[in-house]
Amino acid sequence: MLSRGSDALHEPAAGVLRLLRADDLPAVLAIQRAAYGDGYQESAAVLGRKRELAPAACWIAHAGQMAVGYVLAHPWDALGAPPLHAPLPALPTGADRGFVHDLAVMPAARGLGVAAGLLARVCAWSSAAGHRGMRLVALADAAPFWARQGFSPLPVALPAAYGDGACLMERLR
């Protein structure tokens, strides 16, 4: 493990993981577009607010000089999922879970361990925070990936913005 100030750097097989900074948001937006197309684009303001609220839970992955993946997470409670396309005004009082808002990897970097490395960082953050577990919303085509990571679907209705087939999933500690 290398260290540079407060940004811990980790070198998984797929590259370097470090805490996400505000100046990384253009790279995050590019990865988001490459990963999802035009269907699920959130603004820099929305994503930046998540980083502001939980900076220790937001990471970026680099392979060489290129950003290839990111994860944005924050504390959350047991009440459904946060809204899409709207900055969170604050974190819920008594948040007892980590919430993976988004984990995206450039298509060319899939299968290289980037997602696993990012998820490991967020799970370590959540565990250190004493959360009961982690939650996320799996888009319709991502549910099998999250199930392989130990997440199980919950019978909860989600806002329409998440799209058809999206489901809330949880992994308890």
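Q: A salt bridge is a side-chain nitrogen of Lys or Arg within 4 Å of a carboxyl oxygen of Asp or Glu. How many salt bridges does the count come to by this rule?
A: This is a predicted model, in which local features need a pLDDT (the predictor's confidence in each residue, from 0 to 100) of at least 70 and side-chain atom pairs count only at 80 or more, while totals for chains, interfaces and linings use all residues. Residues are numbered from 1 along each chain as its sequence is written, and side-chain values use heavy atoms, with hydrogens and water left out. By the salt-bridge rule, the count is seven.

Q: What pLDDT does the chain average?
A: Of the residues, 92% score at least 70. The chain average is a pLDDT of 89.

Q: How many contacts does the stretch 1-12 have beyond near neighbours in sequence?
A: The pLDDT is below 50 over residues 1-12. Contact means heavy atoms within 4.5 Å. Beyond near neighbours in sequence, the number of contacts for this stretch in the model is 26.

Q: In what order do the seven strands of the open sheet stand?
A: Strands (E, at least two residues) and helices (H or I, at least four) are DSSP runs, numbered from the N terminus. Two strands pair if DSSP finds at least two bridges between them. The pairing in this sheet is mixed, and the order is β3-β4-β5-β6-β7-β9-β8.

Q: Which strands stand at the edges of the sheet?
A: An edge strand here has a single partner strand, so one side of it is left without a neighbour in the sheet. The strands in that position are β3 (16-19) and β8 (152-153).

Q: Which residue of β7 stands opposite F99?
A: Strand β6 covers residues 97-105 and strand β7 covers residues 133-138. The two pair in the parallel sense over four bridges. Opposite F99 in β7 stands R135.

Q: What angle does the direction of helix α2 make with that of β5?
A: Helix α2 (residues 44-53) packs on the sheet and touches β4 (58-63), β5 (66-76) and β6. Axes are lines fitted to C-alpha atoms, for helices over the stretch in contact, and angles run from 0 to 180 degrees between N-to-C directions. For α2 and β5 the angle is about 65 degrees.

Q: What angle does the direction of helix α3 make with that of β5?
A: Helix α3 (residues 114-128) also packs on the sheet, touching β3, β4, β5, β6, β7 and β9 (167-172). Its direction and that of β5 make an angle of about 25 degrees.

Q: Is R97 buried or exposed?
A: R97 meets D96 in a salt bridge (2.7 Å, N to O). Buried means under 20% relative accessible area, exposed over 50%, and partly exposed in between (1.4 Å probe, protein chains only). D96, at 24%, is partly exposed. At 5% relative accessibility, R97 is buried.

Q: How many residues apart in sequence are the parts that R97 and E170 tie together?
A: The side chains of R97 and E170 meet in a salt bridge at 2.7 Å, N to O. R97 lies in strand β6 and E170 in strand β9, so the parts that the pair ties together are separated in sequence by 73 residues.

Q: Which residues are linked with D96 in a network of salt bridges?
A: R97 and E170 are both buried. The network of salt bridges links D96 with R97, R135 and E170.

Q: How far is C123 from the nearest cysteine sulfur?
A: A disulfide is a pair of cysteine sulfur atoms within 2.5 Å, and the structure holds zero of them. C123 is in no disulfide, and the sulfur of C58, the nearest, is at 14 Å.
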